[in-house]
Amino acid sequence: MSESLQAAPIIALRQVVKEYPTAAGAYVALRGLDLSIHAGEFVAIVGRSGSGKSTLLNMITGIDRASAGSVQVAGQELTALSEARLTAWRGVHVGIVFQFFQLLPTLTVIENVMLPMDFCGVGRPAERERRALGLLERVDLPTQRDRLPAMLSGGQQQRVAIARALANDPPIIIADEPTGNLDSRTAAAIIALFEELVGQGKTVVMVTHDDELAGRARRAIVVADGQVVGNRVHGATVHEEVS
Ligand SMILES: Nc1ncnc2c1ncn2[C@@H]1O[C@H](COP(=O)(O)OP(=O)(O)OP(=O)(O)O)[C@@H](O)[C@H]1O
Ligand SMILES: [Mg+2]
């Protein structure tokens, strides 16, 4: 086994259960899910609609809480944190990218990128602006700094959202269908940007419905019915859990 597989995983979910209360009783979205992801991995999460992919990502980011089980991310047991600590933890350790970008429409591009730094009190205002401009250069959009998001194309808005996700230099980037609203060429450019980040040591976890894009990640984790049912590496099935 390689060295990276011997190191402690940066993301480790053990027997995670997530129940949603509904009028018809509890709906079990995650059923004792186990998952390990190592630092520097580029992982795609795939599975049918309703299988629990977004719910799984919400466990990793701490946006939502597990009903049972253990969620360890970047050395922290998230289930042990209060809401306030969880929010502070998230701001520094994970960058989140959404399908519909979710930029604040009344803020300029550079203000959007600075927002997580403002929120976490990282650096002084002048430094924040310098750092945000550096991130905009990294996603090839420095000239758009003072425009409003609505003036940008979808692909450009997603690149701003990625710059924003990188604002506090988190080790982990979590993306839920980041290319779901983009044409295939623009989508490929976003994946290339993720590959670049992985090359620089980030861990990227991306939910996608697109098999071709999933194939560009080193590993695809297959989720069905709230459980991990398989891992595909370079297109080959290397592990199937029989249940
Ligand atoms: N807040 C909620 N309350 C009740 N049920 C929910 C809630 N959120 C999700 N679910 C249910 O949990 C299951 C898993 O949902 P989830 O959003 O994680 O699936 P998904 O794999 O991301 O699907 P998609 O590919 O459509 O985005 C679904 O059956 C969904 O209806
Ligand atoms: Mg989803």
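Which residues surround ligand 1? In this predicted model, they are Y20, T22, Y27, A29, G47, S49, G50, S51, G52, K53, S54 and T55. By character, the shell around ligand 1 divides into 3 nonpolar residues, 8 polar and 1 charged. As to where they come from, β1, β2 and α2 each contribute at least two residues to that shell. Helix α2 provides the largest share, with 3 residues.

Let me turn to the sheet. Four strands form an open sheet in the order β2-β1-β4-β5, and their pairing is antiparallel. Strands β2, residues 25–37, and β5, residues 76–77, stand at the edges; each has a single partner strand, so one side of each lacks a neighbour in the sheet. Helix α2, which covers residues 53–61, packs on this sheet and touches β1, β2 and β4. The direction of α2 makes about 120° with that of β1. At the β5 edge, strand β4, residues 68–73, pairs with β5 in the antiparallel sense over 2 bridges. Within this region, Q72 stands opposite E77 in β5.

My last topic is helix α6, residues 154–165. How many of the 12 residues of α6 are buried? The count is 9, so the helix is largely enclosed by the rest of the structure. The buried residues in α6 are Q157, Q158, R159, V160, A161, I162, A163, R164 and A165. Their cover includes β6 (94–97), α4 (109–120), α5 (125–138), β7 (172–176) and α7 (184–199). The length of α6 can also be checked: at 1.5 Å a residue, its 12 residues should span 16 Å, and the end C-alpha atoms are indeed 16 Å apart, which agrees.

Key
Residues numbered from 1 in each chain as written. Chains lettered and ligands numbered in written order. Predicted model: local features only at pLDDT ≥ 70, side-chain atom pairs only at ≥ 80, totals over all residues. Pairing = 2+ DSSP bridges. Contact = placed C-beta atoms within 7 Å. Axes fitted to C-alpha atoms, helices over the stretch in contact; angles between N-to-C directions. Near = placed C-beta within 6 Å. Nonpolar A, V, L, I, M, F, W, Y, C, P; charged D, E, K, R; others polar. Expected span 1.5 Å × (residues − 1). Buried ≥ 20, exposed ≤ 12 C-beta atoms within 10 Å, placed from the backbone.
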